[in-house]
Structures are given as C-alpha cells and as structure tokens.
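Biologist: Could you take one part of this model, a sheet and the aromatic side chains packed in the core, and go through it closely? I would like a connected account rather than a list.

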Amino acid sequence: MNSALHIFLYFMMFIILFLNLGLQSGNFLHLNGDANITATPPRLKPERAYFKHRKLMLHGECSKWDISISQSRYPTSGIPEFIVQIVNTCVTGCAPSNIHVRCGWFASTRMVNPRTFKRLSYDDCLVNGGLPLKSSQSIRFTYANSFMYPLEFKSASFC
C-alpha cells in the first residue's frame with residue numbers, strides 16, 4: 001500500500017513537471033475560443049514566460065504557495081495572444097476552492113469561458129467558477145490583448 005502511494009506521488013510529480021516543461025517550450029495543447037483543441041506547432045516558441053510556483057509538497061497542508069500561475073505569449077499575427085495555466089501543485093490535503101486572482105481590469109478580445117476565468121471586479125478574477133481545483137488539476141485558457149496582464153494569487157478557501 002505504501003509503495004503504491006509513492007508510485008502515485010512520483011507519477012503526479014512527473015505529470016506536473018511535464019506540463020511545466022511543455023509550457024516553457026510552447027509545445028502543449030490549448031483550447032481555442034471555439035472550444036477546439038489544437039496543438040501548438042513545435043517550431044513556435046513563447047516569447048516570454050512567467051512562472052510563480054513552488055515545488056511539490058509531499059506532506060503538510062496546502063497553502064497559497066501551492067497555486068501555480070504561469071502565462072506565456074503565443075506568437076500570432078494581429079492582436080497578441082497569451083496562454084495562462086493555473087495548477088494546484090499540492091498533493092495532500094483538500095482541494096482549494098473559491099480561488100481568486102489579482103488581474104487588474106482583465107479583458108480579452110477573444111472569448112474566455114467565464115466558468116474557467118471571470119473578472120468579478122477590478123483586480124478580482126474567479127478561477128474555475130469557484131469550484132475546487134483538485135490536486136495536480138490545471139486550468140488553461142487563452143486571452144488576446146495588446147499586453148500581458150500580470151496575474152497573481154489573491155485568495156482561496158483551504159479546508
């Protein structure tokens with residue numbers, strides 16, 4: 001039983017590492033505004049990537065440091081597009097819910113599913129419709145604007 005738990009935890013760490021490496025290289029799947037999944041061509045690289053996260057915790061309680069928010073610019077012609085990924089890196093404890101992000105006057109010329117990410121008021125955006133973000137679960141969306149919005153963790157409910 002104990003070895004099965006270790007295998008599971010190592011597997012989850014591998015998946016998160018894989019997702020983060022995919023984000024850095026620009027080679028991962030993302031949703032278009034029309035809900036079609038497309039693969040980013042391997043020859044395209046994000047111009048910049050911003051990562052705010054910490055390593056996996058194998059014990060202890062989950063905290064704000066376990067919510068990883070990263071984004072990168074997706075090279076396109078016309079209005080710049082940015083890919084955002086929000087991940088719960090905590091592998092123990094309950095899933096954080098009611099996750100809020102500081103987001104300024106976040107707006108996009110491209111539709112963002114409001115169940116995924118929604119601006120409630122200035123500098124307050126809700127992630128995943130307030131539903132829990134399970135261990136190693138990630139939320140991804142793409143937005144289009146002339147500049148990258150700084151996004152950072154604001155608050156969440158931890159059991």
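Modeller: In this predicted model, strands S6 and S8 run antiparallel and are joined by two bridges. Val-101 has Cys-125 of S8 standing opposite. This pair of strands belongs to an open sheet of four, ordered S7-S8-S6-S10, with antiparallel pairing. Its edges are formed by strand S7 (117-121) and strand S10 (152-157), each of which pairs on one side only. On average, neighbouring strands of the sheet are turned by 30° against each other, with direction ignored.

The core comes next. The largest nonpolar core comprises 21 residues, and those with the most contacts inside it are Ile-86, Phe-106, Phe-117, Phe-141, Tyr-143 and Leu-151. At least two of its residues come from each of strand S4 (67-74), strand S5 (81-88), strand S6 (97-102), strand S8 (124-127) and strand S9 (138-144).

Phe-141 is a useful place to look in detail. The residue lies in strand S9, and its relative accessibility of 6% is under the 20% limit, so Phe-141 counts as buried. Although 56 residues separate Phe-141 from Gln-85 along the chain, their C-alpha atoms are 6.8 Å apart. Beyond its neighbours within four places in sequence, Phe-141 is in contact with Phe-82, Ile-83, Val-84, Ile-86, Phe-106, Val-112, Thr-116 and Phe-117.

The last of these contacts is also a ring pair. Across the whole structure a search finds 10 aromatic pairs. For Phe-117 and Phe-141, the ring centres are 4.6 Å apart and the planes meet at 25°; the pair is stacked because that angle is under 30 degrees. The two partners are 24 residues apart and link distant parts of the chain, Phe-117 in strand S7 and Phe-141 in strand S9. Phe-117 is itself buried, at 3% relative accessible area.

Another pair, Tyr-143 with Tyr-149, is tilted, with 6.0 Å from centre to centre and 55° between the planes. Both rings belong to buried residues: Tyr-143 has a relative accessible area of 0%, and Tyr-149 has 8%. Leaving aside neighbours within four places in sequence, the contacts of Tyr-143 include Gln-71, Pro-80, Glu-81, Phe-82, Val-84, Phe-106 and Met-148, as well as Tyr-149.

Both pairs fall within one cluster, in which ring pairs link Phe-82, Phe-106, Phe-117, Phe-141, Tyr-143, Phe-147 and Tyr-149. Among these cluster members, Phe-106, Phe-117, Phe-141 and Tyr-143 are also listed with the most contacts inside the largest nonpolar core.

Methods: Residues numbered from 1 in each chain as written. Predicted model: local features only at pLDDT ≥ 70, side-chain atom pairs only at ≥ 80, totals over all residues. Heavy atoms only, no water. Core = buried A, V, L, I, M, F, W, Y, C linked by side-chain atoms within 4.5 Å. Buried < 20%, exposed > 50% of the residue type's maximum accessible area, 1.4 Å probe, protein only. Contact = heavy atoms within 4.5 Å. Pairing = 2+ DSSP bridges. Axes fitted to C-alpha atoms, helices over the stretch in contact; angles between N-to-C directions. Phe/Tyr/Trp six-rings, centres within 6.5 Å; stacked < 30°, edge-to-face > 60°.
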